[in-house]
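Take a look at the protein below. Turn it around before you read on, and keep it in view as you go.

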Amino acid sequence: MIKLGCSESLPKNWSWVEADEIMDVRDGTHDSPKAVANGIPLVTSKNLVGGQIDFSTCNFISQEDHVAIARRSAVENGDILYAMIGTIGNPVIVKKDFEFSIKNVALFKFDKSEEVHNRFIFHFLNSNLATRQFNSNSRGGTQKFVSLGNIRGLQIPLPPLDEQKRIAAILDKADAIRRKRQQAIQLADDFLKSVFLDMFGQTLKKATGKVRFGDVAKLDAKMVDPREEDFLDLLHIGPDRIEKHTGKLLPAKTAREEGLISKKFLFDSRYVLYSKIRPYLRKAALPDFTALCSADMYPIKPMQGVVTREFIWSLLLSNFFDNYVSSLPARANIPKMNRTELSNFEFSLPEYEKVEEYSKIVRATFERDKKTLKSLQFTNNLFASLSQKVFAGEL
């Protein structure tokens, strides 16, 4: 078994090296350049997502500030970016279509290296061996960070260049299979949004047949004390446990594990969960179990024979509903959507037969999603096992 820093545990011709011995390792600016309306994107740790750079949420800086940052940390094709703050990691190999700057992001440069392959390093940065080193050296409370010194001192089990390329090729192929599973789930989400828009997009906006949300769905879940024995081992769902846009529920802890003391809503599979906190809007879920949710959530029970859970869920995630929320007056001290505002939302009610038809499509899609998700989890486990073996020289 490979042991960190122990040369005897490595295969023949491999050696332990520190990152800055084989690469030029830098980081982006630590300053906060003034944001401008139009300019050069400033990429931070939060913009590194799923092996890519998400420019949609970047601030822009002036050309002058960009030039100043580039003197220290100019980004080129083939470089690797690595998040240093918050969710540490998420490496990205740069494919540069336009200029951008970086802030609080580590930069691995390969332009002068003849003994290291960037895709090998990319996969190593995603490996458990690298993650363990960074986790042991990370600092901070709620906002974790890892220093440039720790990144430069990252210990890497380095094989010869040809072996690096062979390992990278193996992991590239395995990763491609994993990403196809992820794309299949994303396509299913996009499909449901498209079907909802096609079936109800025009109907919802009609001037006739309007109803108030409060007339077709009720916020009647009771509040309970999570310290009571009946509720201690129920899961607790907060807005952060719902994936934005898709509504997928993320792993959660029980009331006992969280040590909850204040009253919570009790819900079951009859309800739709909706986050009322403005930073967490576009978060709605269809639970299939009994659990607790925070007061920052609305458990919503659709009226039987009028609307369905699946319809309400998609309605709350739609642009149509989001436009209504955006039109409401902002309250700086209480950035929440209150019950009255939710109840007063108006839309034209589709025929129930059509609503039920859509719900059957959603349920069938969810069933296929479950199978795909199981396949993805299996593939992820295989990839993690494969990654562990290749960086131990066992393949």
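Which residues in α6 and α9 meet? From α6 come Leu192, Phe196 and Phe200. From α9 come Phe311, Trp313, Ser314 and Leu315. Bear in mind that this is a predicted model.

Now consider how these two helices are arranged. Helix α9 covers residues 309-316. Its axis and that of α6 come within 11 Å. They cross at roughly 100 degrees. Angles from 65 to 115 degrees count as roughly perpendicular, so α6 and α9 are roughly perpendicular to each other.

Helix α6 spans residues 161-200, and α9 is not the end of its story. The axes of α3 and α6 come within 8 Å and cross at roughly 55 degrees. That angle makes α3 oblique to α6. The crossing is left-handed. On the α3 side, the contact is made by Arg119, Phe120 and His123. On the α6 side, Gln164, Ile167, Ala168, Leu171 and Asp172 take part.

Next, go to the nonpolar cores. The largest one has 36 residues. Met23, Phe108, Ile121 and Ile156 have the most contacts inside this core. Helix α3, residues 118-125, gives the most to this core, with five residues. Apart from this core lies another, of 35 residues. Among its members are Leu204, Leu219, Leu286 and Ile300.

Pick out Phe108 for a closer look. Leave aside residues up to four places away in sequence. Phe108 then touches Ala19, Met23, Asp24, Val25, Asp79, Ile80, Tyr82, Leu125 and Ile151.

What about cysteines? Cys58 is buried, because its relative accessible area is 8%, and the cut-off for buried is under 20%. Cys293 has 0% relative accessibility, so Cys293 counts as buried too. The count of disulfides comes to zero.

Finally, step back to the whole protein. There are twelve helices and 21 strands. The C-alpha atoms fill a box of roughly 70 × 50 × 40 Å, taken along the principal axes. Of the 395 residues in the protein, 46% are buried. Now take the contacts with a separation of 6 or more. Residues 24 or more positions apart account for 75% of them.

Note on methods
Residues numbered from 1 in each chain as written. Predicted model: local features only at pLDDT ≥ 70, side-chain atom pairs only at ≥ 80, totals over all residues. Heavy atoms only, no water. Core = buried A, V, L, I, M, F, W, Y, C linked by side-chain atoms within 4.5 Å. Buried < 20%, exposed > 50% of the residue type's maximum accessible area, 1.4 Å probe, protein only. Helix = DSSP H or I, 4+ residues; strand = E, 2+ residues; numbered from the N terminus. Contact = heavy atoms within 4.5 Å. Disulfide = S-S within 2.5 Å. Axes fitted to C-alpha atoms, helices over the stretch in contact; angles between N-to-C directions. Parallel < 35°, antiparallel > 145°, perpendicular 65-115°, else oblique. Left-handed = near helix turned anticlockwise from the far one by under 90°.
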